[in-house]
Amino acid sequence: MSDTQQDSTYATLRQWVTVGRFLPGERLKIREVAQALGMGTMPVRAALLRLAAEGALTHSPNCGVSVPRLSKAEFDDVLQNRLLLEGEAAERGALRLSAGDKDVLRALLAVMTQALAAKDAKAYLDANEAFHMVLYRAAGSPLLLNLIETVWLKVGPLSNQLFDDNAALGVLNDAHDDLMGALDAGDAAAARRALERDLFVAGQFLRRVCQKGDGPALPMKKEKIS
């Protein structure tokens, strides 16, 4: 197993966790994940254990590797950190975006709009991640970007649950529209406010599917890896 293959497998699975390809409480069977990736089990096992060491997944000798469930208190902590980190990245990025970056953002916003209309969770979440990453990379801080990506691992598995609530589908892109308007106007403070509203609104829907304290988790819809 080459280091390149192992790193590539890790990067892919990390991105899958980030965009909600795995659900909270889901047990990840190494053979099934390897089949979905079209590769052997060794690099998959190594990547999953690496993600478990980072806290993105959990691992135990008896249960294997699974996706952790967040309590409401844990989710609130994650959301507060996202507001701080991503708000800062949005404000910095708004001042550094190129005209080409803005064209990319507009194209991704159109994809998100179409995905919401079609209730296509994967297309929406992929485009949403790309949209935010274009803005955050423009901030010019690799450390800030790394911190954001690390926090995303905590909340990514919840993201598919947005599509279980029709009320969420009607408002998810509102803040993105405002954010795009602020970016076009070069208003960094307004961009930060719009980004924070985006996270807060989505967070109110996601918080509903978190565990209450240490009690039993709410049932989650199982979605096949694809």
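## A chat about helix α6 and its surroundings

Me: Happy to start small: which residue with a positive phi follows α6?
Reply: This is a predicted model, and α6 runs over residues 121-138. The residue that follows α6 has a positive phi, near 80°. That residue is Gly 140.

Me: Now to the other end: which residue caps the N-terminal end of α6?
Reply: Look for a side-chain oxygen that lies 3.4 Å from the backbone nitrogen of Lys 122. The side chain that supplies this oxygen, and so caps the N-terminal end of α6, belongs to Asp 120.

Me: How far apart are the end C-alpha atoms of α6, and what span should its residues give?
Reply: α6 has 18 residues, and the rise is taken as 1.5 Å a residue. The expected span counts one less than the number of residues, so α6 should span 26 Å. The model agrees, because the end C-alpha atoms of α6 are 26 Å apart.

Me: Is α6 mostly covered or mostly open, and how many of its residues are buried?
Reply: Buried here means under 20% relative accessible area. By that cut-off α6 is mostly covered. Of its 18 residues, the number buried is 13.

Me: Which element supplies the largest share of the largest nonpolar core?
Reply: The largest nonpolar core has 55 residues, and Tyr 136 and Leu 183 have the most contacts inside it. Elements that each supply at least two residues of this core include α4, α5, α7 and α10. The largest share is ten residues, and it comes from α6.

Me: What is the volume of the largest cavity?
Reply: A search of the whole structure finds one cavity of 30 Å³ or more. Among the 22 residues that line the largest cavity, those closest to its centre are Arg 82, Leu 125, Asn 128, Ser 159 and Leu 162. The lining divides into twelve nonpolar, seven polar and three charged residues. The volume of this cavity is about 360 Å³.

Me: Which element gives the largest share of the lining of the largest pocket?
Reply: The largest pocket has a volume of about 150 Å³. Its lining includes Arg 14, Glu 129, Arg 137 and Trp 152, and the elements that give two or more residues to this lining are α1, α6 and α7. The largest share is four residues, and it comes from α1.

Me: How many charged residues does the lining of the largest pocket have?
Reply: Sorted by class, this lining has three nonpolar and two polar residues. Among its members are Glu 129 and Glu 149, and Glu counts as charged. The number of charged residues in the lining is four.

How values were computed:
Residues numbered from 1 in each chain as written. Predicted model: local features only at pLDDT ≥ 70, side-chain atom pairs only at ≥ 80, totals over all residues. Heavy atoms only, no water. 1 Å grid on protein atoms, 1.4 Å probe; cavity = no way out; pocket = protein on both sides within 12 Å on 5 of 7 lines; lining within 4 Å. Points joined across faces, edges and corners; volume = space filled by probe spheres on them. Buried < 20%, exposed > 50% of the residue type's maximum accessible area, 1.4 Å probe, protein only. Polar contact = N/O pair within 3.5 Å; in protein donor to acceptor, adjacent residues only side chain to side chain. Core = buried A, V, L, I, M, F, W, Y, C linked by side-chain atoms within 4.5 Å.
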